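Welcome! Take a moment to look at the model shown here, and then let us walk through a few of its parts together.

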Amino acid sequence: MKNIAILGSTGSIGTQTLDIVRANDDLQVIALTAGSNIELLEQQIREFKPKVAAVWDEEKAVLLSQRVKDLDVEVYKGMEGLITAATTDDAVIVVLAVVGMVGIRPALAAINAHKDIALANKETLVTAGHIIMQTAAQNNVKILPVDSEHSAIFQCLNGEKREQLSSLLLTASGGPFRNMTREMMKNVTVEDALNHPNWSMGRKITIDSATMVNKGLEIIEAKWLFDVDIDNIRVVVQPQSLIHSMVEFVDGAVMAQLGTPDMRLPIQYALYYPDRRNLKGERIDFSKISSINFQIPDMENFRGLYLAREAGKAGGSLPTVMNAANEKAVAMFLNRKIGFLDITDIMEKCMNRHQNINNPTLEDILSVEQDTYDYIDSLK
Ligand code: NAD
Ligand code: MG
């Protein structure tokens, strides 16, 4: 039996992780958490019987504890609740599937409690990668990628020697606005941006895919996970999302991982690594694929990709500014307070005014995050 905690169990990755649990009787859920969706969390608690549950929204946490009074589950709230869930005694692996840099502290707490991490939450590595990776190494903890590109790279590196790797090729679908100019993207709506061609995901990452900031975050995520210089990480647009990413070795050999777009594969691979398990679902039918196309990414029209990559290259606290500005701007776009192109304009404004801090501490990161939010508020 493998005991797991799922942080963000009501989201896209969280619910697909629970699908994997349903299909495998050697996985046991120990802790579940949600931001505010207590209706779904209650159903999950009744089905999976965790010992611990946590809700970010404190009022909703109180409501939930009343609703599950008949069950043997402790309900916690806020950041302390997330940390309690991340460190619950029996769990051996924590699936970090919350969205945003709110995941940093629970991730560190779990690592310090010697739990392996199945990491979907890229914002945590983007902003605090140096702290997370170092703390994981000190505690002999595995950080197992769930993001499909990073899982693909992880699978391609199996059995290979690290020093024989030459570059990482991150594939990108290009999102719903691929081939569009900035002029054409000026008036796109929230609905247009949420209409991803290949993947069904949470709202924040879907907008990140439309701006291609997601691929920029993934470049930084890959740098930390695989210890590769950003100059050796290239983005390849592959609109069908069949190739999930590739690795080039020193002899020129390129290894790729392919599959139908289904996040349950990388989730399951992280949970059972290094084993593979049967997974029900569609298989690629090569008799039906007439072509796989490639394009170079358009960094001029998709300025967010350029900015995120620059932030990654500069390092220090700049990736935190870039990420925090993006998190807030995406929320404003989803609430129809700003236009689509304003997202990357806000990112750029925030990055331009920042005095970079080298090797920021956790406190620096959290204070730079707050400062970025305050600055954006002052722009209104
Ligand atoms: P989602 O919005 O569907 O789910 C997010 C989860 O986090 C929910 O359970 C929500 O209740 C919880 N949450 C939200 N705000 C919170 C807060 N302040 N405190 C505590 N919990 C909070 O998001 P998702 O698409 O599942 O993405 C989760 C993470 O995985 C993101 O970092 C995303 O970039 C990454 N990821 C997702 C996919 C995907 O296919 N969905 C693919 C790759 C990577
Ligand atoms: Mg991805």
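Strand S2 (residues 27-34) runs parallel to strand S3, and four bridges pair the two. On the way from S2 to S3 the chain passes through helix H2 (residues 38-48), in a right-handed β-α-β crossover. Keep in mind as you look that this is a predicted model.

S3 is also joined by four bridges to strand S4 (residues 74-77), again in the parallel sense. Together with helix H3 (residues 58-67), S3 and S4 form a right-handed β-α-β unit. The table lists one bridge pair for each neighbour of S3.

| Strands | Bridge partners |
|---|---|
| S2 and S3 | Ala31 and Val52 |
| S3 and S4 | Val52 and Glu74 |

What covers the faces of S3? In a regular strand the side chains alternate between the two faces of the sheet. In S3, Val52 and Ala54 lie on one side, Ala53 and Val55 on the other, and all of them are buried.

Ala54 makes a good stop here. This residue of S3 (residues 52-55) counts as buried because its relative accessible area is 1%, under the 20% cut-off. Its contacts farther along the sequence include Leu32, Leu41, Tyr76 and Leu82. The C-alpha atoms of Ala54 and Ser36 are 9.7 Å apart.

Now turn to the magnesium ion (ligand 2). Asp147 (OD), Glu149 (OE) and Glu218 (OE) coordinate the ion at 2.0 to 2.2 Å. Glu149 belongs to helix H7 (residues 148-156) and Glu218 to helix H11 (residues 213-226), so the pair ties together parts 69 residues apart in sequence. Both Glu149 and Glu218 are buried.

Methods: Residues are numbered from 1 along each chain as its sequence is written. Chains are lettered from A and ligands numbered from 1 in the order in which they are written. This is a predicted model: local features need pLDDT of at least 70, side-chain atom pairs count only at pLDDT 80 or more; totals for chains, interfaces and linings use all residues. Side-chain values use heavy atoms; hydrogens and water are left out. Buried means under 20% relative accessible area, exposed over 50%, partly exposed in between (1.4 Å probe, protein chains only). Contact means heavy atoms within 4.5 Å. Donors are N, O and S atoms within 2.8 Å of the metal (3.2 Å for Na, K and Ca); water is not among the atoms, so sites may look incomplete. Two strands pair if DSSP finds at least two bridges between them. A crossover is right-handed if, with the strands pointing away from the viewer, the path from the first strand over the helix to the second runs clockwise. Lists of a residue's contacts leave out its neighbours within four places in sequence.
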